[in-house]
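Colleague: Please take one part of this model and go through it closely for a first-year student. Then follow it outwards, step by step, into whatever surrounds it.

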Amino acid sequence: MPAVATVEDVSKLYGRFAALRHVSTTLERGRCYLLLGENGAGKSTLLRVLAGLLRPTLGRVRVLERSPAEARARIGYMSHAAMLYDELTARENLEYTAQLYPGQACLNPDEALGMVGLDPALTRPVGQYSQGMRQRTSLARVLLSEPELLLLDEPFSNMDRASAERMLALLAKLRGAGRTIVLTTHQRELAEPMADVVLMMQAGALTTETA
C-alpha cells in the first residue's frame, strides 16, 4: 500500500528533555494505527508533529509527499482540548470551521454532525453539552474537511460505551473508504479489534510495532 506519511529518525527536544527519540515509522493508506503508551511517553507529541503543529528538532516527516505544514488541509487533528466555541451551537461551530478552508470542498455541517450521531437542529450551545457530546462535535469538526489522515488523541475520553462504539463504527467505515487513522487511547480493549497496527511508545521512543 502507498505511504500516506513517513517519519524518519525524528527527535523532538525541549532543552535536555527528549519528548521524541529517533522515531521512525510509515503510515499506509486505509489502515488504522493504535498508538499506546503511558502518560508522557510521547504519543501526543508525535501526533502534533504529524499534524504540522510542532517541528521536529531532528529528522524528517512527510505527509502525502509534502511537509506536514503544506499538507495541513488534508490532515484532521483531534486534540485533548475540544477546540470548540462554548457559546456557539454545534452547527455554528462547524460553519465557522468551514470558513477556515477557503476554496476547499467541505462536508455540509449537518452531514458531518449526522455522521457522529448528533442532531444538527440542537440549539443548545456546546458549553452545555456532556463531555461525550463535545467529543463527537469535535470529531465532526475534524471530519468537515474530509481529511485523508486522521490523528485522534484520546477520542473516547469520558464517553459512555455506546457512544465510543458508535464512534469506532464510524472510524471503521472511514478506514474502509481509504482514510488513514492514528489514534491514542487508554481504552485499549475498545480500539484494538479495529487496529491494523499497534504502536507502543516508551520514553519518547517507539518500542514495538505489531500488525
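Modeller: Arg161 and Glu165 both sit in helix α5, four residues apart, which is about one turn of the helix. Bear in mind from the start that this is a predicted model. The two side chains form a salt bridge, and their closest N and O atoms are 3.0 Å apart. Side chains of opposite charge can pair when their charged atoms come close. Is either end of this pair buried or exposed? Arg161 counts as partly exposed because its relative accessibility is 48%, and Glu165 counts as partly exposed too, at 40%.

To place this helix, begin with the sheet. Six strands form an open sheet with mixed pairing, in the order β5-β6-β7-β3-β8-β9. Strands β5 (75–78) and β9 (205–210) are at the edges; each has a single partner strand, so one side of each is left without a neighbour in the sheet. From one strand to the next, the twist averages 15°. Helix α4 (residues 131–143) packs on this sheet and touches β5 and β6 (149–153), and its direction makes about 165° with that of β5. Helix α5, where we started, spans residues 161–176 and also packs on the sheet. The strands that α5 touches are β3 (32–36), β6 and β7 (180–184), and its direction makes about 145° with that of β7. Strand β6 is thus touched by α4 and by α5.

Helix α4 offers a residue for a closer look. Ser138 has its place in helix α4. Why does Ser138 count as buried? Its relative accessibility is 0%, and buried means under 20%, so the residue falls in that class. If neighbours within four places in sequence are left aside, Ser138 is in contact with Met78, Ala82 and Leu84. Met78 falls within the residue range of β5, one of the strands that α4 touches.

Now to the edge of the sheet at β9. Strand β8 (residues 197–202) runs antiparallel to β9, and five bridges join the two. One of the pairs to look for is Val198, whose bridge partner in β9 is Thr210. Strands of a sheet pair through backbone hydrogen bonds, either parallel or antiparallel. The hairpin of β8 and β9 has two residues between the strands, and in it Ala203 takes a positive phi near 50°.

Positive phi values turn up elsewhere as well. His22 has a phi near 50°, a positive value in a residue other than glycine. This residue is found in strand β2, and His22 counts as exposed because its relative accessibility is 55%. Glu65 is not a glycine either, yet its phi is positive, at about 65°. Glu65 lies in the loop between β4 (58–63) and β5, and with a relative accessible area of 71% it is exposed.

Finally, return to the charged pairs. The count of salt bridges comes to nine, and the pair in α5 is one of them. Another joins the side chains of Arg29 and Glu148, with 3.3 Å from N to O. Arg29 is in the loop between β2 (17–28) and β3, while Glu148 is in the loop between α4 and β6, so this pair ties together parts that are 119 residues apart in sequence. In contrast, the partners in α5 are four residues apart. Arg29 is partly exposed, at 30% relative accessibility, and Glu148 is partly exposed as well, with a relative accessible area of 22%.

Arg188 and Glu192 form a further salt bridge, whose closest N and O atoms are 3.0 Å apart. Arg188 is partly exposed, with a relative accessible area of 35%, and Glu192 counts as partly exposed at 33% relative accessibility. Some salt bridges share partners, and in this way Arg29, Arg74 and Glu148 are joined into one network.

Methods
Residues numbered from 1 in each chain as written. Predicted model: local features only at pLDDT ≥ 70, side-chain atom pairs only at ≥ 80, totals over all residues. Heavy atoms only, no water. Pairing = 2+ DSSP bridges. Axes fitted to C-alpha atoms, helices over the stretch in contact; angles between N-to-C directions. Contact = heavy atoms within 4.5 Å. Buried < 20%, exposed > 50% of the residue type's maximum accessible area, 1.4 Å probe, protein only. Salt bridge = Lys/Arg side-chain N within 4 Å of Asp/Glu carboxyl O.
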